[in-house]
Amino acid sequence: QLQHPSAEVREYACASISQLLQQKHVIPAFVQRDVVRCLGPLLMDHSLAVRETAAGALRNLSACGGFAVCDDMVTNDIMTPLVALLKECSTGLDANQLSTKKCREMNKNYIEDIANEAINLLWNICECNNTALYIFNKEGCLEAVLHYMKKFATNVDLAISVANCLQAVTEDNPDLLSAFNASAQQVLETVMLCPESTMKHILLRTLIAGTIWNIKDTIPPGSLGSMVNAILKIFSESLAIDACETIIRMNEAERNRLKLAAEAETEENMSDVTDNCVLSEDDNMEEMPKGKLRRENDVSDLLPSDKWELKEVTALLTAQQTALEIIVNMCCSEDPSDDEWEELSSSDESDLFMENSYNEGSGLLMSPLCLSDEVNSAFLNNLIPKKILEKTAFPNSVALDICMHNPSWKPLIKKLNTVQCRALTCLQSILLVSDVDGLGGASALQSLAQHLSQLVFSKTELPTDTEFLEAITSALRALLQTMASKNISQCMTPEQLLALCEAGIQSSNASVRVNVVSILGISGSVLAKGQDTAGTLKMIGKFLLEVAMKESSLVVTGEALDALFDVFADGKEAEKAAVQIKLLPTLKEFQPVFRMRMRKEGKGQYSTDQLCVLDNVKMNLRRFIAYQETLGKTPT
């Protein structure tokens with residue numbers, strides 16, 4: 001059918017394939033039958049409708065197929081017709097080329113709709129494949145893509161697709177920076193200053209702000225402060241909106257609209273019966289396929305066109321998620337990798353590192369964890385920490401109830417939960433790079449600890465959702481580390497932390513397990529400095545020893561050993577507890593086991609950075625055993 005001489009048959013075939021490709025299990029069969037080589041040439045078909053549906057089908061293939069399928073698409077040279085289509089559409093964007101015969105609907109702009117599908121396809125492929133990104137740079141696609149952005153005032157959906165694509169292609173792509181000349185930056189700035197207040201426009205501005213952050217190296221140093229402030233002002237605007245209240249309001253608007261539409265349809269039907277207006281059989285035969293075809297063409301869109309209220313809420317939640325993810329990047333842009341941070345935060349020198357990392361003059365954590373003055377002042381001026389904290393709360397029950405009982409709104413629950421998790425990750429990043437005073441002082445941190453403990457312990461059962469558990473334990477770990485480094489008393493009881501750790505250690509996610517072990521190490525090292533804490537230290541020590549000896553992941557084992565070194569490094573209470581749990585003989589027995597596991601498992605399963613951390617743990621284990629042996633010889 002794709003080769004059929006009739007354009008309508010080709011269009012119908014593309015639309016049918018487009019719908020099928022949304023089902024992941026059928027994708028391998030289509031790939032095996034060279035679907036990319038079959039659909040690729042149709043991107044330059046004589047029929048504009050065929051171009052649109054072919055681009056939509058390829059977009060669905062790239063979106064649902066993942067990295068391997070995107071690689072296959074590039075191997076099968078999808079970029080050649082795609083780049084040609086993008087440039088041709090860009091050239092014809094402003095020309096009035098379309099006759100009424102080519103448009104089934106008077107208000108349909110085929111060029112813009114084709115461009116929308118093609119840009120989404122380009123975005124998906126460039127996000128997954130470096131060769132596609134190289135071709136994007138080499139073929140000068142930026143100019144064509146930016147040309148579409150100029151339509152933002154009349155076609156916000158196309159502009160959002162372009163903004164998503166721009167954010168993807170500008171991330172870690174230094175070769176593209178030279179293409180961002182003054183006129184290119186002017187296009188982005190114009191969109192950022194757009195005053196429209198719909199949720200879609202908020203999403204558009206948020207995505208453009210993310211793109212400008214990605215190309216910050218092209219901004220003159222003198223303009224950097226105002227640029228950062230403009231970006232964070234947009235994020236602040238997005239995060240200030242209560243998504244749950246918006247869900248309630250928009251759902252009511254949808255109900256009212258559908259009610260009015262139903263009443264109008266009833267009146268129309270009554271009128272039709274009165275006029276006895278019957279469609280002839282020929283008319284019916286002519287119209288039916290077109291109606292069906294139009295629905296098929298829409299399958300690659302996120303939501304049906306009549307769901308504008310739902311689209312608005314979806315745009316808001318996407319904007320908030322995007323803003324939070326970029327804020328994390330702003331905090332971490334100069335940070336070490338996760339593995340290096342594991343090494344710093346879990347080694348026996350971590351306390352010294354935390355103490356020495358403060359610059360008394362600026363009150364900011366210095367290298368490798370630091371925020372520039374521009375970013376730090378813009379954070380505070382736009383109340384970013386406060387707004388992030390608000391987003392860490394659970395969604396309200398009324399909004400959740402609306403989503404639960406309305407099938408088309410149900411996917412919003414996942415989006416609400418994702419925003420909460422991103423906010424917790426953001427909170428962790430800010431805790432790692434901000435000074436205590438900038439966060440509101442000791443009392444603010446204690447309030448934050450109570451807030452996080454409420455998120456964990458407010459329900460009868462401890463959380464089991466992996467994404468939430470990873471986000472909350474990461475935030476808690478950073479908070480407790482900050483409080484410990486400044487001798488701020490911790491609000492959670494050891495019993496609460498042990499309960500959380502016992503739940504977290506069952507998680508299939510290694511990051512969660514690393515976090516909970518680290519949390520116990522931080523808490524235990526604080527307790528070791530106190531009075532009459534041997535009983536609690538004994539419980540913590542037993543838990544950590546069990547994890548070290550039974551854990552399947554060497555990284556988690558290493559973290560548990562590091563936590564033990566921190567807890568039992570010093571203090572009479574720690575010495576007493578260490579004797580009671582037989583810490584020294586147990587570690588001496590475990591030492592050769594740990595070495596053997598590193599030799600057997602290390603090279604195949606872990607990165608170079610992780611192996612460096614584990615080597616450090618192995619060395620510290622030897623030192624710690626020697627230290628414990630000297631304690632045993634010291635007369636009491």
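What follows is a conversation about burial, salt bridges and a charged patch in a predicted model.

Colleague: Let's start with glutamine 320. Where is it found, and is it buried or exposed?

Modeller: Glutamine 320 is found in helix α15, residues 308-332. Its relative accessibility is 0%, and buried means under 20%, so glutamine 320 counts as buried.

Colleague: Which residues is glutamine 320 in contact with, leaving aside its neighbours within four places in sequence?

Modeller: Those contacts are Ser238, Leu239, Ile241, Ala243, Lys391 and Val419.

Colleague: On to charges, then. How many salt bridges does the count come to?

Modeller: The count comes to 19 salt bridges. One of them joins glutamate 551 and arginine 513.

Colleague: What makes glutamate 551 and arginine 513 a salt bridge?

Modeller: The closest N and O atoms of the two are 2.8 Å apart, and the rule asks for a side-chain nitrogen of Lys or Arg within 4 Å of a carboxyl oxygen of Asp or Glu. The pair therefore qualifies. This bridge links distant parts of the chain, 38 residues apart: glutamate 551 lies in the loop between α26 (534-550) and α27 (554-567), while arginine 513 sits in helix α25 (residues 510-527).

Colleague: Why are glutamate 551 and arginine 513 called buried?

Modeller: Glutamate 551 has 9% relative accessibility and arginine 513 has 8%. The cut-off for buried is under 20%, so both partners count as buried.

Colleague: How do you know that glutamate 573 and lysine 576 are separated by about one helical turn?

Modeller: They are 3 residues apart in helix α28 (residues 572-580), which means a separation of about one helical turn. Their side chains meet in a salt bridge at 3.6 Å, N to O, and that value is within the 4 Å of the rule.

Colleague: And is each of these two buried, partly exposed or exposed?

Modeller: Glutamate 573, at 10% relative accessibility, counts as buried. Lysine 576 is at 44%; partly exposed runs between the 20% and 50% limits, so lysine 576 counts as partly exposed.

Colleague: What about glutamate 601 and arginine 597?

Modeller: The side chains of that pair meet in a salt bridge at 2.9 Å, N to O. Glutamate 601 and arginine 597 are 4 residues apart in helix α29, so about one helical turn separates them. Both are buried. Elsewhere, salt bridges that share partners join Glu325, Lys414, Arg422 and Glu467 into one network.

Colleague: Which residues form the positive surface patch, and which element gives the most to it?

Modeller: The patch is formed by Arg595, Arg599, Lys600, Arg622 and Arg623. Two elements, α29 (583-605) and α30 (608-633), give two or more residues to the patch. Helix α29 gives the most, with 3 residues.

Colleague: Why is arginine 599 called exposed?

Modeller: Arginine 599, placed in helix α29, has a relative accessible area of 64%. Exposed means over 50%, so arginine 599 is exposed.

Colleague: Finally, why is tyrosine 627 called partly exposed?

Modeller: Tyrosine 627 is in helix α30. Its relative accessible area is 28%, which is between the limits of 20% and 50%, so tyrosine 627 is partly exposed. Leaving aside its neighbours within four places in sequence, tyrosine 627 is in contact with Phe568, Ala569 and Asp570. The C-alpha atoms of tyrosine 627 and leucine 584 are separated by 9.7 Å, with the two residues 43 apart along the chain.

Key
Residues numbered from 1 in each chain as written. Predicted model: local features only at pLDDT ≥ 70, side-chain atom pairs only at ≥ 80, totals over all residues. Heavy atoms only, no water. Patch = residues over 30% accessible without salt bridge, like charges linked within 9 Å, V, L, I, M, F, W, Y side chains within 5 Å. Areas by Shrake-Rupley, 256 points an atom, 1.4 Å probe, with all protein chains shown as cover. Lys, Arg positive; Asp, Glu negative; His and termini not counted. Charge placed at Lys NZ, Arg CZ, Asp CG, Glu CD. Buried < 20%, exposed > 50% of the residue type's maximum accessible area, 1.4 Å probe, protein only. Contact = heavy atoms within 4.5 Å.
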